Amino acid sequence: MLYFSRWKIYMIVATCVAGFIVTLPNFLGRETLASLPSWYANSRVALGLDLRGGSHLLLEVDMATVIRDRVEGLVDGARQQLRTANVGYAAITAGDRGVTVQLRDLAQADDAAKALRGLSNPVGGVTMAGGQPDITVSVNGPTVAVALSEVALRDRATQAIEQSIEIVRRRIDETGVNEPTIARQGTDRILVQLPGVEDPDRVKRLLGTTAKMTFRLVDTSADATTGRAPPGAEILPSTEGGRNQAAYVVRKKVEVDGATLKNATASTNSQSGEWVVNFEFNSVGANRFAEITKVNVGRPFAIVLDNKVISAPVIREPITGGRGQISGNFSAASANDLAVLLRAGALPAPLKVIEERTVGPDLGADSIRAGLTAVAVGFVMVCVYMIASYGLFGAFACFALLINIVLTLAALSLLQATLTLPGIAGVLLTLGLAVDANILINERIREETKKGRGVFASMEAGFSRAYSTIVDSNLTTAIKMVLLFIFGTGTIKGFAVTITFGILISMFTATVLVRLMMVTWLRQTRPAALPV
């Protein structure tokens with residue numbers, strides 16, 4: 001325990017020096033960081049919302065829209081299934097959670113039920129052989145009811161929230177926000193925390209837009225000013241020019257779905273200089289787009305975003321390259337925002353902001369000062385106690401404690417982890433946990449010295465006998481922190497991470513670094529008694 005080979009000494013010293021070097025960018029100014037290599041300057045601890053300031057949003061997924069979309073799909077599917085089965089019906093009515101079909105002939109009730117069961121989808125995407133259908137079909141005289149099952153409703157809610165979280169993450173990533181927190185809360189809510197966001201209104205607009213884009217043909221035979229649309233069409237407002245200036249009669253049939261878009265970018269038109277959004281389809285969308293434009297030359301083709309026509313250009317010639325352009329009097333910001341929305345994909349349902357909090361940078365700076373003051377005061381108090389109790393060996397423990405903090409910050413910097421106020425509390429708690437090991441070692445050495453053992457024998461026994469106790473206590477604490485990280489969210493995870501790093505690093509600083517300092521002092525001074 002008291003022997004260190006030369007290469008071990010070099011490794012210990014190199015580890016401490018490397019910790020100082022990695023931690024250094026966290027304390028440098030912007031001008032100095034700009035002169036450093038990017039890979040080194042960017043290796044810093046990211047500050048969380050409570051330290052840096054930013055926006056806190058709690059979003060709610062509109063589950064009613066999710067269910068309504070499925071019910072509308074059942075209505076269209078019921079018409080097609082009954083027509084294929086040659087079953088006559090008087091009416092198809094959509095309800096809150098299902099569809100009711102009124103048959104003309106009671107004798108066709110069984111045939112209608114069999115045909116409508118073909119509308120079922122497996123819950124959770126499991127094959128029909130082993131999965132549960134998402135609808136139930138019941139017959140009551142000439143009335144056949146198709147209803148979504150409770151299992152299907154829960155499954156659709158889960159799918160909607162998971163898909164929404166993924167799309168929200170894509171949209172936030174496109175804005176360049178560093179280390180956002182995006183997590184599910186409850187059954188239909190999403191927590192979004194955006195540190196350092198200077199324009200929260202823009203983020204709210206991006207998250208509040210469903211961005212469901214479709215391409216549909218305009219019905220030129222109907223007049224939107226009459227307020228009546230022919231069967232199979234609907235009247236949609238236009239946002240060309242930045243505000244509702246007109247309306248179009250648009251066919252309900254979606255010719256090309258925006259889900260087949262592969263990319264979208266904002267740029268300026270080389271001829272007019274106005275901002276436009278260029279889009280590109282994948283292979284499926286490109287083939288469908290080429291087919292539609294080939295047979296509809298000369299007709300206006302509406303680009304519909306969230307049930308509003310943003311552009312309705314006339315098809316001059318077949319577009320076979322799978323690329324197109326959206327113009328509409330965009331500004332640079334609105335064109336870039338639309339491109340972000342199209343690249344990220346459409347939300348399955350609208351998101352409503354039900355809670356919003358903004359943390360100003362001044363409040364974040366106050367939190368940083370308070371946290372650093374608490375850590376500094378805690379460090380000084382621990383050092384005063386250790387030096388008063390154990391003298392020189394206590395001073396060695398204080399130096400190791402400083403190295404522990406440096407190496408913890410270095411580990412967080414390498415991972416570019418987010419430091420929050422609970423994370424600073426974790427660092428403060430680590431001060432007490434890390435010094436516990438040195439207290440155990442010093443007390444053991446003191447006991448051995450009182451028994452009359454020699455200097456080297458007392459130190460050897462102190463380290464060897466305290467080591468198993470130190471490992472046991474740190475291991476149990478580390479297990480608790482791992483559980484906190486697995487089951488916790490947000491700031492709880494940050495607290496668990498800092499404590500875990502502090503514990504692991506304390507095993508190095510308290511038992512290896514302190515031992516090296518003690519052994520070095522012991523070999524150089526050859527004292528007759530130990531200063532404990």
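**Cysteines, a hairpin and a buried serine**

Across the whole structure, a search turns up zero disulfides. Cys383 takes part in no disulfide, although the sulfur of Cys398, the nearest cysteine sulfur, lies 3.0 Å away. Cys398 is likewise in no disulfide, and its nearest cysteine sulfur is that of Cys383, at 3.0 Å. Because a disulfide calls for two cysteine sulfur atoms within 2.5 Å, the 3.0 Å between the sulfurs of Cys383 and Cys398 leaves this pair outside the cut-off. Cys383 is buried, with a relative accessible area of 11%, and Cys398 is also buried, with a relative accessibility of 7%. It is worth keeping in mind here that the model is a predicted one.

Next comes a hairpin that a newcomer can trace in the structure. Strand E7, covering residues 181-185, pairs with strand E8, covering residues 189-195. The two strands run in the antiparallel sense and are joined by five bridges. Within this pairing, Thr181 has Gln193 of E8 as its bridge partner. Three residues sit between the strands of the hairpin, and Gly186 adopts a positive phi near 70° there.

A further stop is Ser238, in the loop that links strand E10 (233-237) with strand E11 (247-251). Is this loop residue Ser238 buried or exposed? With a relative accessibility of 2%, Ser238 counts as buried, because buried means under 20% relative accessible area. The side chain of Ser238 also reaches the backbone oxygen of Val309, at 3.5 Å.

Notes: Residues numbered from 1 in each chain as written. Predicted model: local features only at pLDDT ≥ 70, side-chain atom pairs only at ≥ 80, totals over all residues. Heavy atoms only, no water. Buried < 20%, exposed > 50% of the residue type's maximum accessible area, 1.4 Å probe, protein only. Pairing = 2+ DSSP bridges. Helix = DSSP H or I, 4+ residues; strand = E, 2+ residues; numbered from the N terminus. Polar contact = N/O pair within 3.5 Å; in protein donor to acceptor, adjacent residues only side chain to side chain.
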